[in-house]
Amino acid sequence: MYKLFFLLLFITWTAPSCTDLENSGPKAVYQTVSTEKQYCAFCSQKLKSPRYGGELTNPDGTKLSFRSVECVAGYVANQGLQTTDNIRVVDFIDAKTLLKVEEALFLHSPNLGSPNGMDLAAIEKSNTEMQEKIERVYPGRYIEWPEVVQRIIHSGYAQHH
């Protein structure tokens with residue numbers, strides 16, 4: 001009962017606000033106002049929960065939005081992208097900060113329920129205190145970006161889209 005209470009408290013405390021996409025300040029911000037109208041660049045499904053998404057900026061400056069970490073990794077695998085410079089994932093904790101994939105650890109937990117079923121969420125590497133708290137609620141294992149891409153490739157998810 002206490003776990004449920006703290007989980008609900010945590011979700012309420014970290015619930016995202018609805019504003020526009022903005023890239024001001026030291027960290028890029030992924031905002032949620034347009035998720036109802038946007039579709040994933042990889043799986044073509046509507047963007048639903050901002051906690052699991054990501055974006056990639058093409059060399060021409062256009063931004064591609066993704067529904068989940070697995071969609072970002074699937075796109076990277078399909079395109080054979082070697083650089084991660086323009087790839088960002090949403091920090092699961094606040095659902096609006098975009099992290100470079102090198103700055104994130106990815107929690108793989110069957111309790112996460114990410115939109116595309118691979119149960120992955122990004123959390124800032126330097127936020128070890130929050131990593132421990134999240135893992136208590138969502139038991140699992142933290143992995144790095146290269147392992148995320150390899151899991152997506154080996155699962156066959158990248159080839160189905």
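## Second largest pocket

The second largest pocket encloses a volume of about 150 Å³; the model described here is a predicted one. Its lining consists of Leu56, Thr57, Asn58, Pro59, Tyr75, Gln79, Leu81, Thr83, Asp85, Asn86 and Ile87. By class, five of the lining residues are nonpolar, five are polar and one is charged. Strand E1 (54-57) and helix H2 each contribute at least two residues to this lining.

## The sheet

Strands of a sheet pair through backbone hydrogen bonds, in either a parallel or an antiparallel manner. Here four strands, in the order E2-E1-E3-E4, build an open sheet with antiparallel pairing. Strand E2 (63-66) and strand E4 (98-100) occupy the edges and have a single partner strand each, so one side of each lacks a neighbour in the sheet. From one strand to the next, the twist averages 25°.

Strand E3 (residues 87-90) pairs with E4 in the antiparallel sense over three bridges. Within this region, Val90 lies opposite Leu98 of E4. Helix H2 packs on the sheet and touches E1, E2 and E3; the direction of H2 makes about 130° with that of E2.

## Packing of H2 with H4

The axes of helix H2 (residues 69-79) and helix H4 (residues 145-155) come within 9 Å and cross at roughly 80°. H2 is therefore roughly perpendicular to H4. On the H2 side, the contact is made by Val69, Glu70, Val72, Ala73, Gly74, Val76 and Ala77; H4 supplies Trp145, Val148, Val149, Ile152 and Ile153. The residues of this contact comprise ten nonpolar, one polar and one charged.

Notes. Residues are numbered from 1 along each chain as its sequence is written. This is a predicted model: local features need pLDDT of at least 70, side-chain atom pairs count only at pLDDT 80 or more; totals for chains, interfaces and linings use all residues. Side-chain values use heavy atoms; hydrogens and water are left out. Axes are lines fitted to C-alpha atoms, for helices over the stretch in contact, and angles run from 0 to 180 degrees between N-to-C directions. Angles under 35 degrees count as roughly parallel, over 145 as roughly antiparallel, 65 to 115 as roughly perpendicular and the rest as oblique. Contact means heavy atoms within 4.5 Å. Ala, Val, Leu, Ile, Met, Phe, Trp, Tyr, Cys and Pro count as nonpolar, Asp, Glu, Lys and Arg as charged, and the others, Gly among them, as polar. On a 1 Å grid over the protein atoms alone, a cavity is a set of points where a 1.4 Å probe fits but cannot get out, and a pocket is an open set with protein on both sides within 12 Å along at least five of seven lines; lining residues have an atom within 4 Å of a point. Grid points are joined across faces, edges and corners, and a volume is the space filled by probe spheres set on the points. Two strands pair if DSSP finds at least two bridges between them.
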